[in-house]
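Biologist: I should like to learn how the features of a protein model are read. May we look at one together?

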Amino acid sequence: MPEVLVELDRTRPGLAGQLTCALRAAISDGRLSAGTRLPSSRDLAGELALSRGVVVEAYEQLSAEGWLLARRGAGTTVAGRPPRTAGTLSGTAEPQSPSGGTERSPRADPVAVLRPGVPDLAMFPRADWRRAYERALRTARDADLDYGDPRGAPQLRAELTGYLGRVRAARIDPNHLFVTTGAAQAFGLLAGALRQRGATTVGIEDPGSPGVRGHLTANGLRLVPVPVDADGLDVAALAASGVAAVLVTPAHQFPTGVVLAPHRRHELLAWARRSGRLIIEDDYDAEFRYDRDPVGCLQGLAPDLVAHIGSVSKALAPGMRLGWLSVPPDLGPAVLAGKAAADLGGPVLEQLAFAELLGSGGYDRHLRRSRLVHRRRRDALIAALRRHLPQAQVSGIAAGLHLVLRLPAGVDDTALAAAATRAGLGPVPLSATRLDLSPAGRPSGGRTTAAEPGLVLGYAAHSPGELASAVQLLAGLMA
Ligand SMILES: Cc1ncc(COP(=O)(O)O)c(C=O)c1O
């Protein structure tokens with residue numbers, strides 16, 4: 001590598017972040033030019049007296065952002081700039097990053113460290129999205145720009161059918177597949193369709209996602225908590241509850257992280273078949289698994305019993321507001337009417353661009369890249385927790401974007417999370433995920449695995465250094 005000034009302040013935490021910024025700045029202002037080969041992570045670590053992991057992390061981050069190219073056997077090089085004439089999507093001549101996106105100040109408005117459920121928004125594949133969007137714009141027929149099918153662009157529904165079959169073992173009929181503005185709209189559409197059928201109640205995992213509950217109650221359904229244990233949803237309790245439908249997160253229960261055990265899957269499907277009730281499967285972060293075999297979705301086992309929901313919120317960015325809902329055929333007409341009434345269908349160019357991203361393999365590539373980065377961050381968070389909070393117990397680590405930290409009895413997790421928020425962190429107290437806080441809902445009979453105090457901690461959006469500093473801060477607050 002040519003001589004380049006890399007200034008590091010070793011008195012501050014987050015050396016990987018500092019190195020990333022320094023290299024990004026050097027590339028951005030031309031001190032490191034396209035095609036320059038960087039030293040191996042080992043050599044640069046030696047040169048700068050850093051641990052090799054710090055350099056690896058900086059290289060990975062910059063590769064994900066498109067500044068560097070890492071090729072097996074060929075080392076790491078500075079990425080080439082696209083021709084200036086390409087312009088930006090808006091036609092202005094803003095400076096561009098090598099990934100084709102416009103220049104941006106890193107983390108101008110950062111996601112709070114440890115906030116669960118958010119991906120690293122700096123990893124958004126801007127270059128691939130830009131290419132996909134441009135191609136969509138170029139190839140869309142005039143007729144595609146008219147009011148279209150409220151279910152969504154046929155091209156995207158076809159791509160999603162293939163993707164969900166391939167990656168999630170789903171058996172989707174594109175006729176019964178809806179493109180939605182995130183899982184949020186899918187919950188609302190299903191709640192509306194259930195209400196039309198005369199349903200008033202829905203079973204919901206306890207603990208579960210407070211946000212998801214809100215979408216159901218806002219659409220007129222009453223929630224009935226169903227406990228979760230180490231095998232997932234307690235189906236016997238569900239059967240006793242008499243609800244019209246149940247919402248589950250079988251691949252990665254939110255927040256506990258447990259996988260619905262095979263015997264429970266069969267019991268659940270048998271319950272739905274026997275009683276004619278609906279299973280709503282929220283497959284919210286199923287693409288992210290690290291040291292666990294993949295689990296196919298429930299929908300693939302029984303497409304006539306299961307409504308399947310997913311979105312790009314965890315894989316790309318929540319701001320995309322892009323999701324999908326596959327329904328059993330008998331729910332199709334009511335959901336179609338609800339979708340048409342809501343919006344006559346979502347924004348078509350985004351849908352066509354997403355179809356391009358799926359079809360070109362760009363989405364798969366992004367998932368593979370993110371999985372590697374997430375795994376490293378998860379490991380870093382676990383290591384920091386073991387070091388600074390050895391009295392707390394970590395669980396739910398095999399998949400997803402978050403884990404659960406169980407705290408010693410007597411700790412007020414709500415107060416702790418509030419103090420952490422004031423300090424700029426974003427953990428969610430486990431108690432906020434519980435619905436049934438009555439004495440009967442407490443864990444005396446082992447009814448749930450999460451009534452003890454704890455925190456739900458996200459790790460996907462921050463570097464190992466940032467996570468370690470946040471844990472140190474958290475440990476200080478607990479003390
Ligand atoms: C359990 C669960 N399901 C689904 C979602 C995704 O919602 P959306 O696709 O509307 O962003 C979230 C988001 O936080 C979630 O926590």
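The dialogue below takes up confidence, one strand and its partners, and the ligand shell.

Modeller: Please note first that this model is predicted. The protein has an average pLDDT of 89, and 90% of the residues score at least 70.

Biologist: Over which residues does the pLDDT stay under 50?

Modeller: Residues 82-107 have a pLDDT under 50 throughout, and the model gives them 35 contacts beyond four places in sequence. Residues 441-450 also lie below 50, with 25 contacts beyond near neighbours in sequence.

Biologist: Are the residues of strand β8 buried or exposed on its two faces?

Modeller: In a regular strand, side chains alternate between the two faces of the sheet. In strand β8 (residues 245-248), A245 and L247 are on one side, V246 and V248 are on the other, and all of them are buried.

Biologist: Which strands are joined to β8 by bridges?

Modeller: Strand β5 (residues 201-206) runs parallel to β8 and is joined to it by 2 bridges; I204 stands opposite L247. Strand β9 (residues 278-282) is also parallel to β8, with 4 bridges between them, and E281 in β9 is the bridge partner of V248. Together with helix α9 (residues 262-275), β8 and β9 make a right-handed β-α-β unit.

Biologist: Which residues come nearest to the ligand?

Modeller: The ligand has 15 residues around it, of which G182, A183, A184, S311 and S313 come nearest. Both α6 (182-196) and α7 (210-217) give two or more residues to this shell, and α6 gives the most, with 3. By class, the shell holds 6 nonpolar, 8 polar and 1 charged residues.

Terms used:
Residues are numbered from 1 along each chain as its sequence is written. This is a predicted model: local features need pLDDT of at least 70, side-chain atom pairs count only at pLDDT 80 or more; totals for chains, interfaces and linings use all residues. A residue is buried if 20 or more other C-beta atoms lie within 10 Å of its own, exposed if 12 or fewer, and partly exposed in between; C-beta atoms are placed from the backbone. Two strands pair if DSSP finds at least two bridges between them. A crossover is right-handed if, with the strands pointing away from the viewer, the path from the first strand over the helix to the second runs clockwise. pLDDT is the predictor's confidence in each residue, from 0 to 100. Two residues are in contact if their C-beta atoms, placed from the backbone, lie within 7 Å. A residue is near a molecule or strand if its C-beta atom, placed from the backbone, lies within 6 Å of it. Ala, Val, Leu, Ile, Met, Phe, Trp, Tyr, Cys and Pro count as nonpolar, Asp, Glu, Lys and Arg as charged, and the others, Gly among them, as polar.
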